[in-house]
Amino acid sequence: MANIWKGAPVVEGINARVSAQVEVLGKQGILPTLAIIRVGERPDDLSYERGAMKRCEKLGVQVRQFVLPQDAPHGDLMAVISQVNADPGIHGCLLLRPLPPQMDEEEARRALLPEKDVDGITDGSLAGVFTSTGEGYPPCTAQACLEILDHYGYALQGKRAVVVGRSLVVGKPVSMLLLARHATVTICHTRTQDLPAICRQAEVLVAAAGKPEMITREYLSPGQVVLDVGIHVNAEGKLCGDVNLEDAQSVVEAVTPVPGGVGTVTTSVLAAQVVAAAGKAAK
């Protein structure tokens with residue numbers, strides 16, 4: 001039976017670290033502050049916003065909300081981004097996406113300063129991830145995968161890692177983060193030939209394909225660590241991931257659950273990156 005690598009103890013560790021950093025910054029008169037930019041009232045945006053605000057409040061990170069109506073013109077969004085960029089009291093920014101069709105998401109991404117991009121959406125942040133230069137910040141979900149591996153003491157050096165998924169949100173950046181830790185990384189996707197055989201060769205398998213429970217027993221092998229990034233609602237109305245958890249539990253060494261795994265860690269990573277940005281600004 002596999003070990004279940006839950007996110008809760010990882011969150012506790014991150015929170016303790018962040019709280020200590022907030023205290024140090026507070027003594028310097030610095031209040032780490034996150035701007036949340038939201039357009040409209042999409043339920044998933046509201047849910048993530050509530051979670052982020054709750055986590056930030058617990059850790060002493062201030063939050064400023066910038067809310068635009070669903071039909072707001074693109075220029076209004078650009079004006080808000082300019083305001084966030086220019087405000088030295090705002091250290092990080094979360095731009096909730098996708099944006100409505102009348103807005104140019106690419107232009108919005110490019111406009112945000114990388115040093116305030118704590119969710120890894122700008123070209124500057126992604127370039128930092130791909131070059132390991134430290135500019136900007138990695139996407140929170142990708143970084144959450146590394147936080148989990150670190151917490152559970154898994155050394156990546158020399159390990160064979162397979163990432164199923166090639167998005168800029170998770171697949172590509174998590175591959176670069178794994179590579180920076182000296183893992184040997186294979187990036188796959190749903191069109192990869194003989195995908196199950198490639199996945200079985202992995203020592204670390206990151207499932208980020210966006211397909212509910214597609215990773216079944218035939219993709220898995222004993223001794224693996226499996227990180228499930230997916231979040232879906234199955235036919236029974238229950239939350240599930242990209243991995244069939246029942247199959248994984250009977251085969252692999254360790255697996256993250258859904259819910260209660262990688263997703264649990266992301267808002268703590270967001271808060272941590274806001275505090276890191278505040279620390280850099282202070283210097």
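This passage looks at helix 2 and at the two largest pockets of a predicted model.

Helix 2 makes a handy starting point. Running from residue 43 to residue 59, helix 2 counts 17 residues. From first C-alpha to last, helix 2 reaches 25 Å, close to the 24 Å expected at 1.5 Å a residue. Right after helix 2 comes Gly60, with a positive phi near 85 degrees.

Which residues of helix 2 are buried? They are Asp45, Glu49, Ala52, Arg55, Cys56 and Leu59. These residues sit on the same side of helix 2, because the arc they cover around the axis is only 135 degrees. A general point about helices helps here: an α-helix has 3.6 residues a turn, so residues three or four places apart point the same way. Turn to the other side of helix 2, and the exposed residues Pro43, Arg50, Lys54, Glu57 and Lys58 come into view. As for the buried residues, their cover includes two helices, helix 1 (8-27) and helix 10 (262-282), along with strand 2 (33-39) and strand 3 (62-68).

Helix 2 turns up again in the largest pocket. That pocket has a volume of about 1,300 Å³, and 44 residues line it. Nearest the centre of the largest pocket lie Tyr48, Thr141, Val169, Ile231 and Thr266. Which element gives the largest share of this lining? Helix 2 does, with six residues. At least two lining residues each come from helix 2, strand 4 (92-95), helix 4 (105-111), helix 6 (140-151) and helix 10. Sorted by class, the lining of the largest pocket holds 21 nonpolar residues, 13 polar ones and ten charged ones.

Next comes the second largest pocket, with about 320 Å³ of space. Its lining is made of 16 residues, and Gly134, Gly136, Pro138, Gln143 and Leu177 are the ones nearest its centre. Two or more residues of this lining come from each of helix 5 (123-131), helix 6, helix 7 (171-180) and helix 10. Helix 5 provides the largest share of the lining of the second largest pocket, three residues. By class, the lining of the second largest pocket splits into six nonpolar, seven polar and three charged residues.

Helix 10 thus links several parts of this account. Helix 10 is among the elements that cover the buried residues of helix 2, supplies at least two residues to the lining of the largest pocket, and gives two or more to that of the second largest pocket.

Definitions and conventions
Residues are numbered from 1 along each chain as its sequence is written. This is a predicted model: local features need pLDDT of at least 70, side-chain atom pairs count only at pLDDT 80 or more; totals for chains, interfaces and linings use all residues. Side-chain values use heavy atoms; hydrogens and water are left out. Helices (H or I, at least four residues) and strands (E, at least two) are DSSP runs, numbered from the N terminus. The expected span of a helix is 1.5 Å times one less than its number of residues. Buried means under 20% relative accessible area, exposed over 50%, partly exposed in between (1.4 Å probe, protein chains only). The arc is that of the directions from the helix axis to the C-beta atoms. Contact means heavy atoms within 4.5 Å. On a 1 Å grid over the protein atoms alone, a cavity is a set of points where a 1.4 Å probe fits but cannot get out, and a pocket is an open set with protein on both sides within 12 Å along at least five of seven lines; lining residues have an atom within 4 Å of a point. Grid points are joined across faces, edges and corners, and a volume is the space filled by probe spheres set on the points. Ala, Val, Leu, Ile, Met, Phe, Trp, Tyr, Cys and Pro count as nonpolar, Asp, Glu, Lys and Arg as charged, and the others, Gly among them, as polar.
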